[in-house]
Amino acid sequence: MIQKLLDVEYDNDGFPKDFEVTKTDKGENLFYKQFSVSDYTYLDENGQSRKAKDFCCNVYMNPADRADSLLRIRNKISGETEIVKGLESENHSVSQLKQAAKNMRFHKLKVEKEYLRDASGKALKDEHGVKQFRETASFVQDEDAIRKVRARAGYFSLLAFKFKGDALAHLKAYRLRDEQEKYFYSMKDFCHFDTVKNSNELARVGGLFIMFVGLIMVSHIKSVWSRSESLKKKYHSTLSLYNAMMPIRYVDGIDRTYHITSFTSEQVEICREFGIEPPPECLNATDRKARERVQNPKKRGRPAGSGKALNKSAIAS
């Protein structure tokens with residue numbers, strides 16, 4: 001990947017060539033390109049090495065982020081240069097300079113050996129016949145490290161395996177992960193499932209299956225809530241919608257029969273927005289009468305048979 005970024009050519013304005021450009025949701029420019037990766041290998045279920053097909057690398061570059069990254073890199077190089085000048089002006093040993101070089105990112109320590117010689121130019125040797133020398137150290141800029149860091153500035157990449165589509169489709173699918181992870185976190189916190197306590201593998205799989213079914217229900221609830229103007233006006237989020245339905249309970253009665261607690265008017269309204277008609281026994285008196293008026297509307301005029309009753313009473317009198 002680094003080699004591909006090092007090989008990128010830029011035009012006179014500093015933008016990468018052969019890259020397509022688009023506008024993001026925030027109105028920023030985004031350059032992108034898809035590279036096919038043919039030399040990637042993986043181990044199959046039999047432990048044999050195979051070449052991966054339909055494996056690609058999507059590269060993206062934000063010009064604003066690249067400009068900020070290049071400016072930070074230049075400031076870091078300038079800061080390290082000032083530190084190097086301070087170290088060189090002081091009389092530090094080579095071992096101390098080696099220790100300081102470990103904290104340097106854009107400078108490296110160049111150590112050279114200088115053999116000691118006498119006045120005649122012959123190399124001095126110790127008692128074991130080994131030539132004597134002394135080490136001299138100096139800092140130099142690490143051009144290779146600087147070149148690689150500058151090549152990566154403002155870029156990010158996504159690897160895709162057997163996922164069809166261009167680089168923008170891959171980026172859109174990846175950004176859905178943030179929303180999905182928030183759903184999972186909300187659901188786990190709501191169900192007190194943030195700490196998985198299972199005794200065996202089967203129980204863990206069962207718990208994850210319940211979470212998956214819950215995620216489907218949460219997605220449906222948010223879909224209906226986002227399309228209903230009345231619900232969005234009354235409940236600013238799906239969490240407030242959950243809180244409105246929380247008081248509903250499925251309880252055991254005195255006669256050992258199970259029943260659902262009564263619904264409030266707000267809960268009845270929410271159920272009908274989802275296309276669910278609450279059970280008649282769960283409605284309060286006002287909602288029950290309203291439902292009866294809708295299902296059995298009164299006809300205009302006198303009730304059937306009222307005229308005959310009046311005639312009989314008149315004859316009898």
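These legends accompany several close-up views of a predicted model.

**View 1. The largest nonpolar core, with Leu-5, Phe-19, Val-59 and Tyr-155 as its best-connected members.**
This core is made up of 13 residues, and the four named here touch the most other members. Three elements, α1 (2-6), β2 (29-36) and β5 (55-61), each contribute at least two residues to this core. If you are browsing the structure, β5 is a good place to start: with 4 residues, β5 gives the largest share of the core. As a general background, nonpolar side chains in soluble globular proteins tend to be buried together.

**View 2. Phe-19 and the residues around it.**
Leaving aside residues up to four places away in sequence, Phe-19 touches Val-8, Phe-31, Tyr-32, Lys-33, Phe-35, Val-59 and Tyr-155. Two of these names will be familiar from the first view, as Val-59 and Tyr-155 are, like Phe-19, among the residues that touch the most other members of the largest nonpolar core.

**View 3. A salt bridge within helix α4, between Arg-147 and Asp-144.**
The search of the whole structure turns up 4 salt bridges, and here is one of them: the side chains of Arg-147 and Asp-144 meet at 3.2 Å, N to O. Both residues belong to helix α4 (residues 143-152), where they sit 3 residues apart, about one turn of the helix. Arg-147 has a relative accessible area of 45%, so this residue counts as partly exposed. Asp-144 is also partly exposed, because its relative accessibility is 36%.

**View 4. Lys-234 and Glu-269, a salt bridge between two helices.**
The closest N and O atoms of Lys-234 and Glu-269 are 3.5 Å apart. This pair links distant parts of the chain, with Lys-234 in helix α7 (residues 229-234) and Glu-269 in helix α9 (residues 265-273), 35 residues apart. Lys-234 is partly exposed at 45% relative accessible area, and Glu-269 is partly exposed at 33%.

**View 5. Arg-272 meets Glu-277, and a network joins three further residues.**
The salt bridge between the side chains of Arg-272 and Glu-277 spans 3.1 Å, N to O. Buried or partly exposed: which describes Arg-272? With a relative accessible area of 40%, Arg-272 is partly exposed, and Glu-277, at 41%, is partly exposed too. Elsewhere, Asp-144, Arg-147 and Lys-148 are joined into one network by salt bridges that share partners. In general, side chains of opposite charge can pair when their charged atoms come close.

Notes
Residues numbered from 1 in each chain as written. Predicted model: local features only at pLDDT ≥ 70, side-chain atom pairs only at ≥ 80, totals over all residues. Heavy atoms only, no water. Core = buried A, V, L, I, M, F, W, Y, C linked by side-chain atoms within 4.5 Å. Buried < 20%, exposed > 50% of the residue type's maximum accessible area, 1.4 Å probe, protein only. Contact = heavy atoms within 4.5 Å.
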